[in-house]
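Colleague: I would like to learn how to read the places where parts of a model meet. Could you take me through them slowly?

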Amino acid sequence: MDILSWFVAIPVLTVMAILFAKDLKQTRIISAIGMSAQLGLTTWLVYAYLAERAAGNAAAWLFKYDVTWFTSLNIHYTVGVDGISVAMIALTSVVIFAGVFASWRTDYLPREFFISLILLSSGVFGFFISLDLFTMFLFYEIAVIPMYLLIGIWGTGPKEYSAMKLTLMLMGGSALIMVGLLGVYFNSAPAGQQLTFNLNEIAANGIPVVAQQFFFPMLFLGFGVLGALFPFHTWSPDGHASAPTAVSMLHAGVLMKLGGYGAFRVAIYLMPEAAQDQAWIFIILTSVSVVYGAFGAVVQKDLKYINAYSSVSHCGLVLFAILMMNQTALNGAILQMISHGLMTALFFALIGMIYGRTHTRMINEMGGLMKVLPFLGVAYVIAGLASLGLPGLSGFVAEMTIFVGAYQHTDLFHRFVTIMATTSIVVTAVYILRVVGVLLFGPIRDEHHLHLTDATWWERLSTVTLITAIAAVGIFPLWLSDMINFSLRPIVERIVAAL
Amino acid sequence: MNNQVMFFLLSAIILIFSVLTVTTRRVLRAAVYLLFVLVATAGIYFQLQYNFLAAVQLTVYAGGIVVLIIFSILLTSHISERAPRASAAKAALSALATVAGAILVLLTVLQFNFTPARLEKVEPTVTNVGRALVSYKEYGYALPFEAISILLLAAMIGAIVVAKKESNQEKQK
Amino acid sequence: MTNYSYTLFIPLIPLAMFLLIGLTGHKFKPIVSGYAGTLGLTVAAFLSYITAIRYFFIEGAVDGTYPMIKAVSTVWLRFTDTLHIDLGVLIDPISVMMLVVITTVSLMVHLYSLGYMKGERGFARFYAFLSLFSFSMLGLVLATNIFQMYIFWELVGVSSFLLIGFYYEKPSAVAASKKAFIVTRFADLGFLIGILMLSFTTDTFDFKTLTSLDGPIITSTAGASFMGLSVITWSLIFIFIGGAGKSAMFPLHIWLPDAMEGPTPVSALIHAATMVVAGVYLVARLFPAYAIAAPDALHVVGYVGGFTSLFAAVIAITQIDIKRVLAFSTMSQIGYMMMSLGVSGYGDHEGLGYMASMFHLFTHAMFKALLFLGAGAIIHAVHSNNMTDMGGLRKYMPITHITFLIACLTIAGIPPLSGFWSKDEILAAALHHNPILFGIGFGVAGLTAFYMFRLYYNIFWGTDRHYHHTPHEAPAIMTFPLLFLAVASVFSGFLPFSHMVTSDGKPFEAHTDMLVAIPSVVIALIGITFATIMYKKPSTIPDRLAGSIKGLYKASLNKFWFDEIYLFVTKRVIFAYISRPIAWFDRHVVDATMNLVGWTVTTASNKIKGLQSGQLQQYAMVFVSSVVILVLLFVYLISK
Amino acid sequence: MMTEGIPLEYFLIVSTLMFFIGIFGFLTRKNLITMLMSIELILNSVNINFVAFNSYLYPHQMQGQFYSLIIIAVAAAEAAVAIAIIINIYRNFRSIETDKVDEMKY
């Protein structure tokens, strides 16, 4: 079996192994082993990828593998990675690894929980390695659907409502994507030739502009729903608030990135002319997302809501940057996906851990937790600082790349909205510091909180993994940025050539 | 002339008792009125000289089905019981639909110009009917005959099963 | 050219200390962290001194100009082929000067804190943060490009945040740290926008290119303009907003007085000597661009600086909290520096203002740090920040008293102390360029002398208060920095600054202008005299005076209600009219719309479900009427 | 001829009226058995049609007659099954009113 398919296979094998587990203990050990193997494989992949590049392999896609699985419609199982997907795979591995440890103490139906969680991750991995649009969509659905069970069964609060809302809205997005993909498929080749779902072949053939104008908004909106595009973001606050810790982590950290990645890989890459024509609408929507999400977060009282709105803002920035359609901004978008993925996962992990102790997520019911929970407190501050874009942590790298890239546009509109979007960094500071100030600092508000215990080893492992990744991206961004840039260059050239 | 008188008489019986069948509030009476209608229909068949058919009509319908119906009525309701009146709105709506339908059909029928055929008539004697019924040649009805036999068998078994199954279950309870 | 690559270690040693103390500090006794941090900084300071000596005295000017040397540079993040953030070390007169200032003050604060912070919870944390701050500040001044500066700019901001909020259990400290961060963050937004605009126009971040005389800024013809000012001017104004935020210029000053909630050594280091002058340093760093390409922007700098210095001085007169007095005094002095930059030209003697500004930055760092550390010693002894709780301390704390007096005299500008020389140059520069600003500066000099001596007399003279225990002199570890800084305050004025730090790198001869010097000394003396009359002995003059100008007094006491205005804007306007409506809108409009879609589907399906009633006759009815209607339609209506 | 002087239309009018009377009964009667009777009326009206058409238009063949025969047979079967079902329903619901037998809705 080729190397990339293992990324799907390992989670599936893990799931099968979990089926034979007897209790929570065995389940989590198996999950931990499986996801550690996945992380190890990812490390190897990154290394192998960089080694190939260093050896001068300039092919756009590495480790390609191709099997036909549905001949009459020309659907293939085609996998391959470039710098962008390698980065996304790395993000996913880290988050799922941390997620397994963050949900170490799942006591209700643990086997089923871990099975759904890991199955979901296999969908995500499959999505990132696929080059065939149909297969990609298939994996997308695999990733989205377990979410319903995970929230509906293991969630808190109005979980059925939230799960239903989230799933239905994402399904709505999927429907648009499906239509868009079919539109792409039926326009994927000149008349009389074999139609194809293969990303590169479609790109090489080009899609007629008339069809682009029609299908671009569908695909972009479809993926945009998952990427929390205003005004289709409202699944996010409720969904995240109700979801269990690891699910929030994975969902905000990785699944929302599927939206950005898809919007970039499919919508923009395949249909640059339409993207150019219609970008202004979506740029307005995304810049609204960015500012609106940030302002919305300022007055929230529930920790998860704050983070959900913050995600709306940050993910809005991803889509915003994608729509700028130049090398730097796109690079920033990918960096922002990774950065946001890591830090939001960290946030949700910490919120889960704090909630597990205080049994409340209302910030005004807590206070002074830094004193009793120093480890979690410091980790929360670090997450907050990453979120507000402190240099040395990943957020800064991503945001600055986006802003510089977006500002490089020659027309005034783009530069104006860029300045609009930059204001979010101040608002972000406001809500992050508000939370940190109320939650962690100040006197202890509830006496019961005096006896809380600090993080356990698995919680420490989970948070330290994420913090390390955040700092690694933040302190040494060049290798990541160069890796992405290398793969972006041909894509951007194609986009620019089309215009 | 006699023919016409006979026909009008039969038609009148059919229509009047039809109406009575569907409007009377006593179920048993409805069954009896239905019997009249069926008999009058048999009369029509006689008038058209389909004697065999008329006989079948009398035996199966009048003799079989109506008796079955009467039995079931006796099983399921009291003699004195009166069916509730249909609600005015429902009755009005139904009347409207049926009257409109009737007018529509009558209009269509009367507009169409039927030309009676001047062909030699096959006498519908019992001999002819019997031959045709078991013949598998042209104009032979062996296949429908067999089909209907099977249907009847199935219906018989079905009726028994339907009526019986429940009692078994009740016993089990 | 000399190899300066070892200067890389100057910021890296504190960074290493930060990581070391931050990660392992809790494993050892707290004092170990203190010693480690201090030791690290001693090395850094030593390296800085070597660098300064080599740069100014051993290597000296090359061809009559102090060169701008990129000692180390590595690409950190690449945006485009031309735009990339480099991390590196830039050696030029002002960065070397700042190295000396930062490491000196920081070292003194490290030493001082060994005594001051003794026994505090979080002693190790304190030293970790101090190291982080030192690293960031050194990185800032050594920045080779504007984006590197921005990076460290943010890092000093966060270090400041962490240190102000050091006593995180105290709500006021938390609020102050939050305020400081958010206000400066807001200013940084301006900085960032300025960088974006500048980089877009010039396609470079590099300071060397930006400030070189044949670089893109200076050679670029004005290009597109907006509201009468060129893009360059706008971008430099935006960048100045960033500087104004960090340097607490009006109207972004409100965070600085509150920042005094932090431990006093922190105030000395960050909020007096180093971080708050970052704004001045930023303008100085881009000075050729300001002076040549965008004189309008430079005028903005000058006026903002001048106004702030006056504004802050007026407020300082009435404040009770001694740290706040010093904070406003800091604002006022930084305003002075900004003003000085604003009145400077480029090159030779025209650049007097620039030189004076840097000079004042240097001397101010010494005497202001001294004042703060002295105040810290006093607070340490009295356990109060309010001058109403003090009095007659001169007999209990002789060393503190003497050093504090020296610092007061220095800031008042009494010759031959250092403050006199630098202030004199500033006033001279202002006189030549802008009489209005000169007037302001002149007035501020008097006010400064007055409020400083008001402070001095209130603390050390007057009557003894009721102390919990008899105040006593601070331990030697705290008084040594005081003495060291006092010496520095006295003698740093004799440094030949005009030979070392000039706007174009070329030395020139500055001479004391008696026309300026004599009046400025006179007004300082007048200020001191007034203060002596009013405060040396208990008297009713201050109260009567306050009564006679009640409105002004109240305005000054309440800092012209700027906190209230900001509070109003943030709480009433942003929270109540932006955030809350957005949150409401999100829940009740956007979300409700989505829910409405869901509701519509559910309701419709319920209604449709109702059609399947199980009522046989209803079905039949529908069937019959539909057939009738369809026949009517297709047979009679459509076909004809 | 026994049908002399009676045009085909007369039969059709009678059967149509009978048909719609049956439908009216089906729509308005609540008792399942009377509904069954209405169905018998409908079937009979159809039979009359078949026979009349056969007699007037296609006298050389016997399809109409056979159709009627088969319909009668089917009607008998149907009645048997229907009554079995009705009795079963009566056992379960103690009623054979249609509006009470609506368990299968939704």
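Colleague: Which chains share the most contacts among the pairs that touch?

Modeller: Contact here means heavy atoms within 4.5 Å. Among the 4 pairs of chains that touch, the most contacts are between chains B and D. No contact joins chain A and chain B, whose closest C-alpha atoms lie 38 Å apart, and none joins chain A and chain D, where the closest C-alpha atoms lie 22 Å apart. Please keep in mind that this is a predicted model, in which local features need pLDDT of at least 70 and side-chain atom pairs count only at pLDDT 80 or more, while totals for chains, interfaces and linings use all residues. Residues are numbered from 1 along each chain as its sequence is written, chains are lettered from A in the order in which they are written, and side-chain values use heavy atoms, with hydrogens and water left out.

Colleague: How many residues do chain B and chain C bring to their contact, and what area is buried between them?

Modeller: The size of an interface is often given as the accessible area lost when the parts come together. Buried area is the accessible area (1.4 Å probe) that two parts lose on being put together, summed over both. Chain B brings 10 residues and chain C brings 7 residues, and the area buried between them is about 660 Å², with carbon and sulfur atoms giving 74% of it. On the side of chain B, B:Lys90, B:Ala97 and B:Leu104 supply 58% of the area buried against chain C, which is more than any other three residues supply.

Colleague: How many salt bridges does the rule find across the interface of chain B and chain C?

Modeller: A salt bridge is a side-chain nitrogen of Lys or Arg within 4 Å of a carboxyl oxygen of Asp or Glu, and across the interface of chain B and chain C the rule finds 0 of them.

Colleague: Which domains does the assignment give for chain B, and what area is buried between them?

Modeller: Domain bounds come from an automatic or database domain assignment, which for chain B gives domain 1 (1-82) and domain 2 (121-173). The C-alpha centres of these two domains of chain B lie 23 Å apart, and their contact takes 4 residues from domain 1 and 4 residues from domain 2. About 380 Å² is buried between domain 1 and domain 2 of chain B, and carbon and sulfur atoms give 66% of that area. B:Gln49, B:Tyr50 and B:Phe52 supply 92% of what domain 1 buries against domain 2, more than any other three residues.
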